[in-house]
Amino acid sequence: MNLSLAPGILEQVIEHAKTCHPQEGCGLLVGSQLATRFIPMDNARASSTDYEMEPAQLIAVLRDLRTSGEALLAIYHSHPLGPAKPSESDIERAYYPEAAHLIVSLVEPERPRTAAFRIIDGKVYEIEIHVIL
Ligand SMILES: [Zn+2]
């Protein structure tokens, strides 16, 4: 299953990654089939090599999604210093197998790289990102 993004979503995500730089940024992409909303999250680890979505904030957002009927389609985080692929700890801590993982690399800040993956039972599958124009 690929990751489809409504117009402007990828730009919002990249902008957030730049704002958080040099720390990792993170957030959620929600919608139904198509990601129509980006929800920025705080990185509780405030680290440039690691992230953890602020737990209380995450619980509140997941609760809101039950009301709004939106699905969690993807978890985004940035790699300020690394490539756009999952790290060992990303693979270990992929707690939401139904969600895609969108990674923004800012190794070259003026040329952000993005890639999306599914991580299922410790295995990584790259998927396509479809941006609706
Ligand atoms: Zn990572």
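In this predicted model, H79 is a buried residue, its relative accessible area being 7%, and H77 is likewise buried, with a relative accessible area of 1%. Both histidines belong to the zinc site, where the protein donors are the NE2 atoms of H77 and H79 together with two OD contributions from D90, at distances of 2.0 to 2.6 Å from the ion. Along the sequence, the residues that supply these donors follow the spacing H-x1-H-x10-D. The angles subtended at the zinc ion by the four donor atoms extend from 54 to 159°, and the arrangement is therefore irregular. For four donors to count as tetrahedral, all angles would have to lie between 85 and 135 degrees, whereas the ideal value for such a geometry is 109.5 degrees.

Helix α1 comprises twelve residues, from 9 to 20, and spans 17 Å between its first and last C-alpha atoms, close to the 16 Å expected at 1.5 Å a residue. Within α1, the residues I9, L10, V13, I14, H16 and A17 are buried. These buried residues lie on the same side of α1, because the arc that they cover around the axis is only 155°. Such a pattern can be set against the general geometry of an α-helix, which has 3.6 residues a turn, so that residues three or four places apart point the same way. The face of α1 that is turned away from the buried side carries E11 and T19, both of which are exposed.

The largest nonpolar core contains 20 residues, and those that touch the most other members are L3, V13, L29, Y76 and L102. At least two residues of this core are supplied by each of β1 (3–5), α1, β3 (34–41), β4 (71–79) and β5. The largest share, amounting to five residues, comes from α1. V13 thus appears both among the buried residues of α1 and among the core residues with the most contacts to other members.

The strand pairing considered here concerns β5, β6 and β7. Strand β5, covering residues 100–105, pairs with strand β6, covering residues 113–120, in the antiparallel sense through five bridges, and in this pairing V104 stands opposite T114 of β6. Strand β6 is also joined to β7 (residues 123–127), again by five bridges and with the two strands running antiparallel; here I120 stands opposite K123 of β7. The hairpin formed by β6 and β7 has two residues between its strands. D121, which lies in the loop between β6 and β7, adopts a phi near 50°, a positive value in a residue other than glycine. With a relative accessibility of 76%, D121 counts as exposed.

Two further backbone features are located in loops. The peptide bond that leads from H21 to P22 is cis, with omega near 10°, and P22 is placed in the loop between α1 and β2 (26–32). A46, in the loop that connects β3 and α2 (55–68), has a phi near 40°, which is positive although the residue is not glycine. The relative accessibility of A46 is 43%, so that this residue counts as partly exposed, whereas D121, for which phi is also positive, counts as exposed.

How values were computed
Residues are numbered from 1 along each chain as its sequence is written. This is a predicted model: local features need pLDDT of at least 70, side-chain atom pairs count only at pLDDT 80 or more; totals for chains, interfaces and linings use all residues. Side-chain values use heavy atoms; hydrogens and water are left out. Donors are N, O and S atoms within 2.8 Å of the metal (3.2 Å for Na, K and Ca); water is not among the atoms, so sites may look incomplete. Four donors count as tetrahedral if all angles lie between 85 and 135 degrees; four count as square planar and six as octahedral if opposite donors are over 155 degrees apart and all others between 65 and 115; anything else is irregular. Buried means under 20% relative accessible area, exposed over 50%, partly exposed in between (1.4 Å probe, protein chains only). Helices (H or I, at least four residues) and strands (E, at least two) are DSSP runs, numbered from the N terminus. The expected span of a helix is 1.5 Å times one less than its number of residues. The arc is that of the directions from the helix axis to the C-beta atoms. Two strands pair if DSSP finds at least two bridges between them. A nonpolar core is a set of buried Ala, Val, Leu, Ile, Met, Phe, Trp, Tyr and Cys residues joined through side-chain atoms within 4.5 Å.
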